[in-house]
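Subject: Structure handover

Hi,

Here is the structure for you to look over. My notes on what turned up follow below it.

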Amino acid sequence: MILDILDKLNPAQREAVENTEGAVLILAGAGSGKTRVLTTRIGHLMENKGVKAENILAITFTNKAANEMRERVEETLEGTDTKEMWITTFHSCCVRILRKSINKIGYNRSFVIYDSADQVTLVKDCLRELNLSDKAFDPKVILSAISNAKDKLYSPKKFIQLNEGDITKTKIGEIYALYQDRLKRNSALDFDDLIMKTVELFKEHPEVLDFYRNKFRYIMVDEYQDTSKAQYELIKLLAKQHQNICVVGDDDQSIYGWRGADIRNILEFERDYDNVRIVKLEQNYRSTQVILDAANHVISNNIERKRKKLWSEQKEGQLIKIQLDENEIEEGDFISNTISYMRRYEGRDYKDFAVLYRANAQARSIEDSLNRNGIPYNIYGGIKFYERKEIKDIIAYLRVLQNPQDDISLKRIINVPRRGIGLRTIEKIEDRASLKEESLYSVLIDIEDNSDISRKARASISEFVDLMSTLRSFTDVYSVSQVIEKVLDVTGYIDELEKEKNGEGEDRIENLKEFISVALEFESSNEDKSLESFLTNVALSAEPSNEEEEEDRVSLMTIHSSKGLEFPVVFLAGMEEKIFPIARAISSMNDSEIEEERRLCYVGITRAKEELFLTLTRKRTLYGRTNPSIASRFIEELPEECIERLNKEQKELTYSKANYNMLDKYTKKYMNNMNKVQVAQKAKATIKSSNAESSIDDIKLGAKVHHPKFGLGTVVALKGPDVTIAFDNQGIKTINKEYTTLDIVK
DNA sequence: TGTGAAATAATTTTT
DNA sequence: TTATTTCACA
């Protein structure tokens with residue numbers, strides 16, 4: 001039956017499927033049937049080429065994509081066993097490898113995985129330890145620097161080396177070093193570590209790499225345009241020998257540059273492997289020709305891309321409609337009314353519609369309108385299930401049970417629910433732990449040695465330790481879901497929530513109940529039912545798998561999260577400069593940011609199968625501020641013959657290409673000056689320059705200054721009214737709201 | 001230790 | 001606008 005399926009493929013698809021040996025790059029345009037190609041390819045490998053399931057590795061980015069692929073492979077192969085096949089995400093693939101061998105590079109095999117909130121806590125701890133204020137060194141900025149470094153496989157040492165002479169970055173490098181050290185001490189890895197440490201393991205232990213090289217004879221990577229340098233390296237290590245590597249992607253749909261995706265991986269694939277065969281999938285099975293023409297035309301404004309042109313055998317289709325409204329409230333009403341009309345008179349269902357926007361904040365006005373008009377909708381994005389406070393608390397309990405070295409989780413729950421272990425006490429425990437280079441938990445166990453902690457606090461701590469060891473004894477006897485129930489019960493967590501009479505407590509209890517059913521579901525569908533396995537599962541998924549989503553509702557989401565989906569009717573809301581493209585991309589000195597916005601626009605347009613509406617407003621209130629709008633440049637980039645303007649006035653808001661360029665220059669200049677002025681004003685409030693020669697403007701990053709008490713130093717950070725100075729002899733200090741006299745040394 | 005006012009910052013997001 | 005975090009004070 002595989003042959004039947006092969007016959008149904010178009011020539012390009014067939015070429016992609018049948019070229020199983022050597023390196024293949026499949027450039028798969030939006031809606032060109034790439035999942036179908038991948039699944040057929042796997043089927044072809046097994047059925048016609050006699051490749052065994054265990055020799056295949058198929059990597060995707062999301063769990064959803066991985067699950068879908070496995071299902072479709074199973075469908076294609078009609079019952080052939082796919083259990084031994086690794087169809088998985090980068091992260092779970094790495095966890096699986098690391099759980100087996102990470103001890104070889106000095107980590108504990110039962111490591112826990114930290115999410116971004118845990119990372120922030122850990123960075124804050126590191127800053128405290130280094131006596132740096134988190135005002136001068138914004139933990140978020142530090143973390144994104146660390147994450148960037150890890151995506152590029154830079155160790156702390158390498159990072160410091162590369163930034164020699166840059167005093168701020170060197171400092172960040174030191175924080176990075178401590179951060180890595182603390183992760184290790186906590187037996188924890190963050191998401192980026194999962195990839196980086198696997199590469200490290202492969203590089204330092206060739207025997208491990210060899211094992212996987214032999215195992216994974218055929219490698220396929222989906223969404224290749226989203227791979228980071230680290231992921232690229234990982235794949236390259238595995239594929240180097242046999243070179244049976246097939247990557248699928250679309251450079252035009254690369255929209256995750258800001259989180260480490262390196263578009264060069266796909267643009268330069270030919271350089272990395274021998275005799276690369278490139279297959280372009282350009283026939284689109286999703287959208288009408290009008291929509292494809294529009295998408296092609298917009299994306300052709302990008303310079304950095306591989307040429308590709310989508311076409312379709314489908315009919316021309318409806319023109320793209322553009323609607324201008326007075327403000328975002330009327331924009332919402334236009335969308336609501338159009339949906340109601342099309343449902344009433346054109347036989348559409350609610351689920352045929354999607355409203356896409358650039359930023360989540362835009363959803364509110366649309367939601368309000370849908371509510372007013374009684375239109376049912378699902379909104380995607382917002383707080384994730386596993387990010388909820390009560391869920392994180394319970395997970396923290398489970399983590400500590402599984403891995404007592406996890407200080408971050410321990411601190412989270414040591415006083416939750418309140419048991420009289422206050423901040424001061426925790427601080428003392430931490431000091432002692434870092435003095436003895438031990439985990440917090442081991443200090444807790446020997447708490448009686450600690451005479452500087454009050455007897456009352458010590459009693460509470462002993463009680464807590466007893467509680468935890470009781471719970472730990474349960475983990476050997478009970479299943480995960482039962483352990484969770486015990487934790488909720490024994491710690492008094494549920495009691496506490498029940499005391500809260502307001503609705504919030506009830507919601508939380510509901511969520512915890514759902515968490516228990518997640519655990520039950522886990523127990524029934526996994527072979528490894530251990531707590532460790534459950535925690536890994538939870539760490540590697542954002543939402544519990546919810547199968548019940550067939551309701552007839554309109555979908556609301558960001559364009560980012562719409563990638564990979566399709567809808568008969570799509571609204572792209574807020575087609576305005578500074579919204580889409582977003583202000584930061586316009587003011588950025590780097591043109592590539594506008595190109596990424598344009599790719600995002602391309603993704604948005606190509607979600608539509610039949611009809612596409614673009615909406616914009618004359619005035620928009622966002623973040624409490626009302627501003628007059630200018631039509632998005634992406635509207636100007638649409639071919640005139642593809643669009644229908646539902647009102648004429650909007651033309652006035654659309655500029656010519658030259659004018660958009662002028663506007664860009666102006667914006668960039670303005671933003672630049674704004675920053676300067678702000679820094680200067682804020683510095684002025686804090687620091688008086690005693691040197692009449694030097695102006696306030698001189699107090700900027702890298703400026704050499706002299707302080708009457710601390711001597712010579714260099715400005716390493718400016719934030720708000722704080723000026724952080726690295727003194728030559730006194731270490732780093734932040735001068736905060738003091739009226740200090742500083743001399744600027746020229 | 002807990003509360004409420006005040007300050008502040010606000011793309012995009014999966015793992 | 002609003003969600004979050006900080007800070008002063010009881």
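DNA strand B first. In this predicted model, 27 residues surround DNA strand B. N63, R358, R418, G422 and T558 are the closest. Of the strand B atoms that come within 4 Å of the protein, 54% belong to sugar and phosphate.

Three polar contacts to DNA strand B are worth pulling up in your viewer:

- N63: a backbone N or O atom sits 2.7 Å from a phosphate oxygen of DNA strand B.
- N360: here too a backbone N or O atom is involved, 2.7 Å from a phosphate oxygen of DNA strand B.
- R358: an N or O atom of the side chain lies 2.6 Å from a base oxygen of DNA strand B.

So much for single contacts. What is the make-up of the surface near DNA strand B? Its residues split into 11 nonpolar, 10 polar and six charged.

Now DNA strand C. The residues around DNA strand C are K135, R364, Y623 and G624. By class, that surface has one nonpolar residue, one polar and two charged. Sugar or phosphate supplies 33% of the strand C atoms within 4 Å of the protein; bases supply the rest. For Y623, a backbone N or O atom is 3.5 Å from a base nitrogen of DNA strand C.

Next, the protein interior. Nonpolar side chains tend to be buried together in soluble globular proteins. The largest nonpolar core here holds 50 residues. Which of them have the most contacts inside it? They are L398, I484, F515 and F534. Take F534 as a way in. Setting aside neighbours within four places in sequence, F534 touches L398, V480, I484, F515, V518, A519 and F522. A second core, separate from that one, has 45 residues. Among them are F111, L189, Y212 and I245.

Last, empty space. Rolling a probe the size of a water molecule over the atoms shows where such space is left. How many cavities of 30 Å³ or more are there? The count is one. The largest cavity encloses about 30 Å³. Its lining consists of L410, K411, I414, I426, I429 and L440.

Best wishes

Technical notes:
Residues numbered from 1 in each chain as written. Chains lettered and ligands numbered in written order. Predicted model: local features only at pLDDT ≥ 70, side-chain atom pairs only at ≥ 80, totals over all residues. Heavy atoms only, no water. Core = buried A, V, L, I, M, F, W, Y, C linked by side-chain atoms within 4.5 Å. Buried < 20%, exposed > 50% of the residue type's maximum accessible area, 1.4 Å probe, protein only. Contact = heavy atoms within 4.5 Å. Near = heavy atom within 4 Å. Polar contact = N/O pair within 3.5 Å; in protein donor to acceptor, adjacent residues only side chain to side chain. Nonpolar A, V, L, I, M, F, W, Y, C, P; charged D, E, K, R; others polar. 1 Å grid on protein atoms, 1.4 Å probe; cavity = no way out; pocket = protein on both sides within 12 Å on 5 of 7 lines; lining within 4 Å. Points joined across faces, edges and corners; volume = space filled by probe spheres on them.
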